[in-house]
Amino acid sequence: MNMTPYENLTPDVILDAVESVGLRCSGSLLALNSYENRVYQVGIEDTTPMIAKFYRPGRWSDETILEEHQFALELTAHEIPVVAPWKSANEEALHHHAGYRFALFPRWGGWALELDRLEQLAWMGRFIGRLHAVGASRKFLHRPTLDIQTRGYDSYHFLLENNFIPEHLKENYCRTVETVLKNVEQRFRDAGKLDTIRLHGDMHPGNVLWNNVGPHIVDLDDCMSGPAIQDIWMMLSGSETEVEVQLDHILRGYREFHDFNSRELQLIEPLRTLRMLQYSAWIARRWDDPAFPPSFPWFNTSAYWQEQLIHLRNQIEM
């Protein structure tokens, strides 16, 4: 794997890529915050800027990216506010230039979702319910499916086999992770057979923008198949009482547009646990990328792994 995947993605290459699909660049270029891909606001002559997203080489196949685009366009066709990719004159949304794959998106503005405003959570419930109603209408063929093996065990084994866990914590860390993953497996078994639908997959507040007409999502890069609760639980925060109130507002809005299986509620803490393991492994897998150590200076320190150990032990209690 190329550990410096974007070393050749110079400003000239970026602008040439955009112009290769028939647009005329004004010369302005602004890098936007993104770790996994590279995203830029590119000035376009005589019109508003476009957002250019250069996919990380080797991460997704063309088929998975095209399925992301198809999902976004399908949601847009149902008037669900998603920023869908721009299509060129030959009706293509995925483009290739100088060894990179990229897509262009219209620029949408907005501000952060306010989780303490219950009316916004109810609106988010309706929004996710509408998204899931479309998501349940057909299946992904190429996108990943959320499972314990990939998010949990594969993440754990990568961290262990690549010596990210400090030696003095390894025994406790292994015992804790193996215990918590057994608990996760049991909780999934207790939930029984659940519907697997197309999801946003990473519906945390940072992936939602709000404007005068309500919420919209700007990125489907992690869309996947899985249980509906995956797109809901990351909206919850605070005390147990606060979470209950938030969840009530979200689900009341959600159920206006799509059924919700209450058995999925017991997966909230298991899914949180899997995300914790996956997040650590994600940074670890990218640690040789020069952009990552400066962006995550606290990672791969003894203090970080001690903190993770505490959080995982808390998850066993949860």
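Helices are taken here as DSSP runs of H or I spanning at least four residues, and they are numbered from the N terminus. By that convention, Glu 19 belongs to helix α1, which covers residues 11–19. The structure discussed here is a predicted model, and the paragraphs below move from its overall form to individual residues and pairs.

The protein chain contains 9 helices and 10 strands. For 318 residues, a compact globule would be expected to have a radius of gyration near 20 Å, and the 21 Å found for the protein chain agrees with that expectation. Along the principal axes, the C-alpha atoms fill a box of roughly 60 × 50 × 35 Å. Of the 318 residues, 49% count as buried.

Two buried helical residues give a view of contacts between positions separated in sequence. Ile 250 sits in helix α6, which runs over residues 240–254. Its relative accessibility is 1%, so Ile 250 counts as buried, the limit being 20%. Ile 232 is 18 residues away from Ile 250 in sequence, and the C-alpha atoms of the two are 7.9 Å apart in space. Thr 273 offers a second case, this time in helix α7. With a relative accessibility of 2%, Thr 273 is likewise classed as buried. Between Thr 273 and Leu 312 the chain distance is 39 residues, while their C-alpha atoms are separated by 7.2 Å.

Charged side chains come next. Side chains of opposite charge can pair when their charged atoms come close. In this model, the count comes to 20 salt bridges. One of them joins Glu 119 and Arg 117, with an N to O distance of 2.8 Å. Both partners fall in the partly exposed class: Glu 119 has a relative accessible area of 44%, and Arg 117 stands at 34%.

A further salt bridge links the side chains of Arg 275 and Asp 202 at 2.9 Å, N to O. Arg 275 lies in helix α7 (residues 268–285), whereas Asp 202 lies in the loop between β7 (197–199) and β8 (208–211), so this pair ties together parts that are 73 residues apart in sequence. The two ends also fall into separate accessibility classes: Arg 275 is partly exposed, with a relative accessible area of 24%, and Asp 202 is buried at 12%.

Helix α7 holds another pair as well. Arg 272 forms a salt bridge with Glu 269, and their closest N and O atoms are 3.0 Å apart. These residues are 3 positions apart in helix α7, which means that about one helical turn separates them. Arg 272 counts as partly exposed at 25% relative accessibility, while Glu 269 is buried, with a relative accessible area of 16%. Elsewhere, salt bridges with shared partners join Glu 36, Lys 53, Arg 56, Arg 59, Glu 68, Asp 219, Asp 221, Asp 222, Arg 286 and Asp 289 into one network.

Acidic residues also gather at the surface. Asp 12, Asp 16, Glu 19, Glu 45 and Asp 46 form a negative surface patch. Patch members need over 30% relative accessible area and no salt bridge. Glu 19, the α1 residue introduced at the start, is partly exposed at 34% and therefore passes that accessibility cut-off. Asp 46 comes from the loop between β2 (38–44) and β3 (50–54). At 83% relative accessibility, Asp 46 counts as exposed.

The backbone of Asp 46 deserves a look of its own. Most residues other than glycine have a negative phi. For Asp 46, however, phi is near 65°, a positive value in a residue that is not glycine. Glu 79 also has a positive phi, of about 60°, although it is not a glycine. The position of Glu 79 is in the loop between α2 (62–77) and β4 (95–97). Its relative accessibility of 67% places Glu 79 among the exposed residues.

Notes
Residues are numbered from 1 along each chain as its sequence is written. This is a predicted model: local features need pLDDT of at least 70, side-chain atom pairs count only at pLDDT 80 or more; totals for chains, interfaces and linings use all residues. Side-chain values use heavy atoms; hydrogens and water are left out. Patches are made of residues with over 30% relative accessible area and no salt bridge: like charges are joined within 9 Å, nonpolar side chains (Val, Leu, Ile, Met, Phe, Trp, Tyr) within 5 Å. Accessible areas come from the Shrake-Rupley method with a 1.4 Å probe; for residues, only the protein chains shown count as cover. A salt bridge is a side-chain nitrogen of Lys or Arg within 4 Å of a carboxyl oxygen of Asp or Glu. Lys and Arg count as positive and Asp and Glu as negative; His and the chain ends are not counted. The place of a charge is taken as NZ of Lys, CZ of Arg, CG of Asp or CD of Glu. Buried means under 20% relative accessible area, exposed over 50%, partly exposed in between (1.4 Å probe, protein chains only). The radius of gyration is taken over C-alpha atoms; the globule rule is 2.2 Å times the number of residues to the power 0.38.
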